[in-house]
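These notebook entries record what I looked up in one structure. I kept them in the order in which I worked.

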Amino acid sequence: MNSPAKSIRPFIGAKDYEASRAFYRDFGFQEIEISQDMCVYKLNGNIGFYLQKYFVKDWVENTMLFLEVENTEHFRQELLEKNLAEKHPGVRISEIRDEPWGREFFVHDPCTILWHIGEFHK
């Protein structure tokens with residue numbers, strides 16, 4: 001490619017749009033409202049995704065995203081300190097797992113979107 005890409009942003013849906021919006025703000029994403037039915041969420045500049053006020057059960061309940069972080073343990077601890085699971089029904093944060101490729105843990109958002117959050121071996 002001669003033209004460099006700047007970012008990639010998936011679109012995700014929400015069973016309860018307002019609950020998802022609140023969760024992602026509490027998670028630490030910057031929310032930018034695009035319309036009454038869509039927001040973009042950014043983290044550290046160009047990491048981001050679009051959240052839509054749109055729900056298709058099979059799609060939303062099978063959505064997975066991977067967020068690569070520098071330090072899985074520190075990132076998980078920061079999320080735990082935000083009390084996301086206590087503030088948002090349905091949210092779960094797993095323990096860290098060691099895998100052959102690196103380390104990861106999982107976060108289920110209020111609408112069952114599954115986030116893999118991990119770091120690769122250096």
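**Entry 1. Conventions and a starting residue**

I began with one residue: leaving aside its neighbours within four places in sequence, with which residues is Arg76 in contact? Before answering, I noted that this is a predicted model, in which local features need pLDDT of at least 70, side-chain atom pairs count only at pLDDT 80 or more, and totals for chains, interfaces and linings use all residues. Residues are numbered from 1 along each chain as its sequence is written, and side-chain values use heavy atoms, with hydrogens and water left out.

I found Arg76 in contact (heavy atoms within 4.5 Å) with Ile93, Ser94, Glu95, Ile96 and Phe105. I then looked up its cover: Arg76 has 13% relative accessibility and counts as buried. For this and later entries, buried means under 20% relative accessible area, exposed over 50%, and partly exposed in between (1.4 Å probe, protein chains only). I located Arg76 in helix 3.

**Entry 2. The whole chain**

I listed the elements as DSSP runs numbered from the N terminus, with helices (H or I) of at least four residues and strands (E) of at least two. The protein has 4 helices and 9 strands, and from the N terminus on they run β-α-β-β-β-α-β-α-α-β-β-β-β. The radius of gyration is 15 Å, close to the 14 Å that the globule rule gives for 122 residues, so the protein is as compact as a globular protein of that length. I note that this radius is taken over C-alpha atoms and that the rule is 2.2 Å times the number of residues to the power 0.38.

The C-alpha trace spans about 45 × 40 × 25 Å along its principal axes. Buried residues account for 39% of the 122 residues. Of the contacts between residues at least 6 apart in sequence, 52% join residues at least 24 apart. I also recorded an exposed area of about 7600 Å², of which carbon and sulfur atoms supply 50%; the areas come from the Shrake-Rupley method with a 1.4 Å probe.

**Entry 3. Helix 3**

I returned to the helix that holds Arg76. Helix 3 covers residues 72-81, and Thr72, Phe75, Arg76 and Leu79 are buried there. Seen down the helix axis, these buried residues fall within an arc of 100°, so they line one face of helix 3; the arc is that of the directions from the helix axis to the C-beta atoms. An α-helix has 3.6 residues a turn, so residues three or four places apart point the same way.

I looked up the partners of the buried residues of helix 3: they pack against helix 1 (17-27), strand 5 (64-68), helix 4 (84-87), strand 6 (92-93), strand 8 (102-108) and strand 9 (114-120). The face turned away from the buried side carries the exposed residues His74 and Glu81.

At the N-terminal end, Asn71 caps helix 3, with a side-chain oxygen 3.1 Å from the backbone nitrogen of Glu73.

**Entry 4. Positive phi**

Most residues other than glycine have a negative phi, and most peptide bonds are trans. I therefore noted Asn83, which is not a glycine yet has a positive phi of about 55°, set against the general rule. Asn83 lies in the loop between helix 3 and helix 4 and is partly exposed at 38% relative accessibility.

Thr112 is not a glycine either, and its phi is positive at about 80°. I placed Thr112 in the loop between strand 8 and strand 9, partly exposed with a relative accessible area of 37%.

**Entry 5. Strands 2, 3 and 4**

Strands pair if DSSP finds at least two bridges between them. Strand 2 (residues 30-35) pairs antiparallel with strand 3 (residues 38-43) over 5 bridges, and a hairpin joins the two through 2 residues. Ile32 stands opposite Val40 in this pairing.

Strand 3 also runs antiparallel to strand 4 (residues 47-52), with 6 bridges. Leu43 stands opposite Ile47 in strand 4. The hairpin of strand 3 and strand 4 has 3 residues between them, and Asn44 in the turn has a positive phi of about 55°.

**Entry 6. His121**

I closed with His121, in the segment after strand 9, which counts as exposed at 52% relative accessibility. Not counting residues up to four places away in sequence, His121 touches Glu99, Pro100, Trp101 and Gly102. A polar atom of the His121 side chain lies 3.5 Å from the backbone oxygen of Glu99, and one lies 3.4 Å from the backbone oxygen of Pro100. For such polar contacts I used pairs of N or O atoms within 3.5 Å; within protein, one must be able to donate a hydrogen and the other to accept it, and residues adjacent in sequence count only if both atoms are side-chain atoms.
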